[in-house]
Amino acid sequence: MQHWVDAAVPYSQSAYYEGYRTDCSGYVSMGWQLSTSYWTGSLTEVCHKITSGIAMGDAILCQTCGHVIMFDKWTDSNHDYFMAYQEQQTGTTAMYYKTQLSKLYNEGYFACRYNNIS
């Protein structure tokens, strides 16, 4: 994930980098090493919702708003703030940033884990 940040891979719904579309769901598809770039609405075909125990490599997904980010690590002992990876929107590049889980949950996001991770 970090190598896309280091390479400043620009967001695009039509461009590809290392075989993956350079939008949010393509970025998560790369992180999960999927065989193709899924779109945000189809990622639930390869992951399942989790309600606790969020860990590195889990996704925080919002199907209604069409966005997904990749969880990296907690930054607080309350497990609300965390570091994440994302491709956000046109005009931006892959980024690593701090965000808040409770805020995302209030916006309709949910946590999910790739099915091939135990």
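Is Asp 23 buried, partly exposed or exposed at 6% relative accessibility? In this predicted model, Asp 23 counts as buried, because its relative accessibility of 6% falls under the 20% cut-off.

**Asp 23 and its surroundings**

Asp 23 lies in the loop between strand E2 and helix H2, the helix spanning 24-31. Its side chain makes a polar contact with the side chain of Arg 21, at 2.7 Å. Leaving aside neighbours within four places in sequence, the residues in contact with Asp 23 are Tyr 11, Ser 12, Gln 13 and Glu 87.

**Two residues with positive phi**

Ala 8 is a residue other than glycine with a positive phi, near 50°. Ala 8 sits in the loop that runs between helix H1 (2-6) and strand E1 (16-17). Glu 18, also not a glycine, has a positive phi near 55°. The loop holding Glu 18 is the one between E1 and strand E2 (20-21).

How exposed is Ala 8? Ala 8 is partly exposed, because its relative accessible area of 37% lies between the limits of 20% and 50%. Glu 18 is likewise partly exposed, at 48% relative accessibility.

**Loop residues and their accessibility**

The table gathers the loop residues described above.

| Residue | Loop | Relative accessibility |
|---|---|---|
| Ala 8 | between H1 and E1 | 37%, partly exposed |
| Glu 18 | between E1 and E2 | 48%, partly exposed |
| Asp 23 | between E2 and H2 | 6%, buried |

How values were computed
Residues numbered from 1 in each chain as written. Predicted model: local features only at pLDDT ≥ 70, side-chain atom pairs only at ≥ 80, totals over all residues. Heavy atoms only, no water. Helix = DSSP H or I, 4+ residues; strand = E, 2+ residues; numbered from the N terminus. Buried < 20%, exposed > 50% of the residue type's maximum accessible area, 1.4 Å probe, protein only. Polar contact = N/O pair within 3.5 Å; in protein donor to acceptor, adjacent residues only side chain to side chain. Contact = heavy atoms within 4.5 Å.
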